[in-house]
Amino acid sequence: EGRTWSLYSGPVGVGSGKAVTLQSASFNGSLKSRVVVADEECSDCEHDGNFNMDSSITTNGEKLVASTPNKGNFYCGANKNDAQQRCIPCPSGSMSECDDPFHGCFGGVECTVSSQNGNVDLIAETSIETTGLSSNHVSKLAPYLRVMIEMEKNFDHDADCSMGDWGLCHTQTLSIEYAGEEDYLDDQFKIYFSSIHRVLQVNHPDFEHQHVVGDLTYIQPTSSFGGFQSKTKIELPLVMEYWSVQETDNMPRWFVVDDRDQSTAIIGNTDTEEVHSFVVPYTSTMKTPTDNNVQMTAATRFSLNQKTAKEVDASIRIIPTPYEIVGRDNAQSFDINGISMVNGQLLGNLQIGAADLLLKLGVNDNGDHKVTFMIGSLPSDTDGAESYTMETTVDGTTIMGTDRSGLFHGFMSFIGLLDVSNAAKMTLTEMIIYDKPRFDYRGHQVDVARNFRSKEAIKKTIDAMALWKLNVLHLALTNDEGWRLEIPGLEELTSVGSKRCFDPSEETCLLTQLGSGPYAEEQQYYTRDDYIELLKYAEERNVKILPEFNMPAHARAAVISMEARAKNGDDTYRLTDPEDETFLLTVQFYDRTSIINPCLDSSVRFVEKLVGEVKQMHDDAGIPLESYHFGGDEAKNILLGAGYSSYSDELKEQPFSKSPSCQAKRLNDPSFDIEKIANYWAITVNKILIENGVKEMVAWQDGLRSTTKDQYETESVAVNLWGTLYWGSIVELEDAADEGFEIIMSNPDYLYFDFPYEVNPEERGYYWAARQNSVYKVFSFAPENLAQNAETSVDRDGNEMSVTTPSIPQPRIHGMQGQTWSETIRTDDQYYEMAFPRVLAVAERAWHLANWEMNWSPGVTYNGETDLVPKDELATDYNGFVSALGCREMLKLEYLGIKYRVPPPGASIDASGVLTANSELPCTAIMYSIDEGRTWSL
């Protein structure tokens, strides 16, 4: 039960009827997966019959036995602080000793108050942050509150769903526990929280709800509220839109606001990133009756791992795979203790990045193996930008490239062969490599707007991109929830727009969103100097930063910031029409302040100022602003959609249809179409880009829909294709090609990294397009033959798809990109875990065309019944990739300081009590326990 953990090395007898706890660990044990429990046999798996019948669990040859006294200081509570106040012992470390089913058993707790019955304050009053006002009413309530959310049903309930999109809703129970010694009879308070699903109903006579803006909602007492009785719990049945299958749908940092003095305080058990502190663990992942996704348990994961992950010799496998590897006759293997670069000056400033990566990976740069760089012509089938050849022999390695980027990529391939676990003795094999990139654009997008990423996290990301040959960092710097770049002369963008707090006037910050709580964090943006530093850092590693300033929609941070400026008397850059009374509800539940009004001269001035300042930053860095991402997506009122038939027609208005400035624009400008404001604004911004010498504009595809390349003046116009396969992205691909745009494959059902890795309610992320985007699914994505993916994957409900290749010539694909949106990703560590190792699978597909990828064949249909894809070749390729990934490359991520995701293990226990375990990443350590994880030993 967790008193002892042992290292799993093969099938082992643990005794019949046992529930075994398992956990995977990284190379040095610093990173661990979530804990899983194995208590059943895999129904479709093969088991090794050789096992150890000694069911004693040992570590280092010595049997470890749990002690009965509370030596580990284990106490019950909602979290560690709560347990410290309650002082209810659970000496064995098991939550089963805690009477409250919402409580866990936490070790290492310094108990401060003795309690026999647990009737103490839930959270110490001294631990509560408040606004510090003199009449602080909220401090009399918030310290004694505790909330818990329990998911009920996604379907088969009798709730009224009529106000939900397409009549979809689910039910929850919100429990509010009051632990005060005295009754609290005041009703002048509100409880605010973030909810990614709209609250449709609160079915309790004593409370009502109100949507504020975005995901911010509050509940408040009604006139029938009689107060909180001492040590009681109130349960509120909630009806929420859509469905909920991930525990991270529920955002942290609920807070209380007192109506009289506007004092605020966070409810203690929600002030955490441990979701189970305020959410009862989900028991089901079914969102509809037709949901056929297989929930990953220890047993189902074991089965999947058996089918998709097999360790093979990957000593000469490079990620990403080169175009061609030629083995030498009588090739020798040999050891080196480091490298020394010859003609490193040919790398230019890329030599700085190369040397830095060697240092971080612990490779001696004054070693015994010479790596010589040369510029020259290459064989015709690999000649081109970024291409190289590499010949490795006992005498040294020679890298020849067509340009310095090619030389750098060749050196990254050389590093890719190194096992840095023993940098003093690294084994190489003689070989020749001919290599070239598949796509010109090999991207990784980071959303730093919804939740900020530190400058250090971006640098680590750039390091990883360089190692695995990704060359475009798409930095999403702005969105509704935040503006993250200092713009001289527009100080409010960061003094207001980079902060979230509880300020109803929004003159000092944006209203809190996404579980950020009522208190503003400082320096949640990049200064001008930071941005220039990042530009140079990326350029030294062959990575280009593509800045995105999303507009006209998803622009609330900018709109509110400029409103704050206007309130102080300067409306030069105002972005909204104060006389506009249009009703609007955006896809993330904002109002018209989410969209820049395209009819205002001041909006044009704002973009002119913005682009000019960003261009100047690039000029000061010595790196011209050649590409600019316009954004452009989702500029619409969602109530115009067919799923909202229950809503009044008065609410179904086109954006800015009641704006006097837009009404005037319609009369005076024949090119202006109120139903195509994103198109109009894209053309407007494109003209500003031309004036600033920008060569390429990039946008999300829907922002440019219904326009063509000929309507824009920049040399290139590229679109991120972000439709799902099962909703018709192959038609969108056809449209984008016909419109003349460069196409960057950004398909959410394969390439969104804010989605779960597997179908399990404990996984983090959104799931509107896919229930899981595993490493295998990303790896097996065929970007140039979309229809093929219908044979190798299922739709978001786990059902088969059928897709036919259009009868058109194969569209040219400019590139592909993984996206890491950040609504549920609040910390750098959470970002690392969600992005890595999936980023490496994108690097593989963006650089290398695999032999199992089928040619574009007009009229050919793929589905779950066809057998056109050579799946044996796919399996062989993936086994080599995942073996190199798990056995060699993950350690490099650790050395870069990237806390990647360690996958939870799969496990099966047969009827005789034999445990068999596996991992989707070969060479991953697996620990197991038969005492629920109370004691950790390796």
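This briefing walks through two sheets, three helix pairs, some backbone oddities and the low-confidence stretches of the structure above.

Keep in mind that this is a predicted model. Its mean pLDDT is 91, and 91% of the residues reach 70 or more. The two sheets described here are both open and antiparallel, one with three strands and one with four. The three helix pairs come with right-handed crossings: α5 with α17, α18 with α19, and α7 with α9.

**Confidence**

- Averaged over the protein, pLDDT comes to 91, with 91% of residues at 70 or more.
- Residues 49–68 are one stretch to treat with care, since pLDDT stays under 50 there. The model still gives this stretch 33 contacts beyond four places in sequence.
- Residues 113–135 are another such stretch, again with pLDDT under 50 throughout. Here the model has 56 contacts beyond four places in sequence.

**The three-stranded sheet**

- Reading across this open sheet, the strand order is β2-β42-β41, and the pairing is antiparallel.
- β2 (12–13) and β41 (906–909) are the edge strands; each has a single partner, so one side of each is left without a neighbour in the sheet.
- β2 pairs with β42 (residues 914–918) over two bridges, in the antiparallel sense.
- If you want a residue to look for in that pairing, try V12, whose bridge partner in β42 is L915.
- Helix α2 (residues 298–308) packs on this sheet and touches β41 and β42. The direction of α2 makes about 110° with that of β41.

**The four-stranded sheet**

- This open sheet runs β10-β11-β16-β13, with antiparallel pairing.
- At the edges you'll find β10 (145–153) and β13 (199–202), each with a single partner strand, so one side of each has no neighbour in the sheet.
- On average, neighbouring strands here are turned by 25° against each other, direction ignored.
- β13 is joined to β16 (residues 232–241) by three bridges, and the two strands run antiparallel.
- Within that pair, Q201 has V239 of β16 as its bridge partner.

**Helix pair α5 and α17**

- Helix α5 (residues 455–467) packs against helix α17 (residues 828–835) at an angle of about 20°, with the axes 10 Å apart.
- That angle makes α5 roughly parallel to α17, and the crossing is right-handed.
- On the α5 side, the contact uses E456, A457, K460 and T461, while α17 brings in D828, Y831 and Y832.
- By type, the contact residues of α5 and α17 split into three nonpolar, one polar and three charged.

**Helix pair α18 and α19**

- Helix α18 (residues 838–847) and helix α19 (residues 871–895) pack at about 130°, with their axes 11 Å apart.
- The two helices are therefore oblique to each other, and α18 passes α19 in a right-handed crossing.
- From α18, the residues L840, A841, E844 and R845 meet D877, F881, L885, E889 and L893 of α19.
- The contact of α18 with α19 has five nonpolar residues, no polar ones and four charged.

**Helix pair α7 and α9**

- The axes of helix α7 (residues 528–539) and helix α9 (residues 601–621) come within 9 Å and cross at roughly 55°.
- That makes α7 oblique to α9, with a right-handed crossing.
- α7 contributes R528, Y531, I532, L535 and K536 to the contact, and α9 contributes Q616, M617, H618, D620 and A621.
- These contact residues of α7 and α9 divide into five nonpolar, two polar and three charged.

**Backbone oddities**

- As background, most peptide bonds are trans, and most residues other than glycine have a negative phi.
- The peptide bond from I319 to P320 is cis, with omega near 0°. P320 sits in the loop between α2 and β19 (324–327).
- The M551 to P552 bond is cis too, again with omega near 0°. P552 lies in the loop between β33 (544–551) and α8 (556–567).
- N330 has a phi near 55°, a positive value in a residue other than glycine. Look for N330 in the loop between β19 and β20 (333–336).

Conventions: Residues are numbered from 1 along each chain as its sequence is written. This is a predicted model: local features need pLDDT of at least 70, side-chain atom pairs count only at pLDDT 80 or more; totals for chains, interfaces and linings use all residues. Side-chain values use heavy atoms; hydrogens and water are left out. Two strands pair if DSSP finds at least two bridges between them. Contact means heavy atoms within 4.5 Å. Axes are lines fitted to C-alpha atoms, for helices over the stretch in contact, and angles run from 0 to 180 degrees between N-to-C directions. Angles under 35 degrees count as roughly parallel, over 145 as roughly antiparallel, 65 to 115 as roughly perpendicular and the rest as oblique. A crossing is left-handed if the near helix is turned anticlockwise from the far one by less than a right angle, and right-handed if clockwise. Ala, Val, Leu, Ile, Met, Phe, Trp, Tyr, Cys and Pro count as nonpolar, Asp, Glu, Lys and Arg as charged, and the others, Gly among them, as polar. pLDDT is the predictor's confidence in each residue, from 0 to 100.
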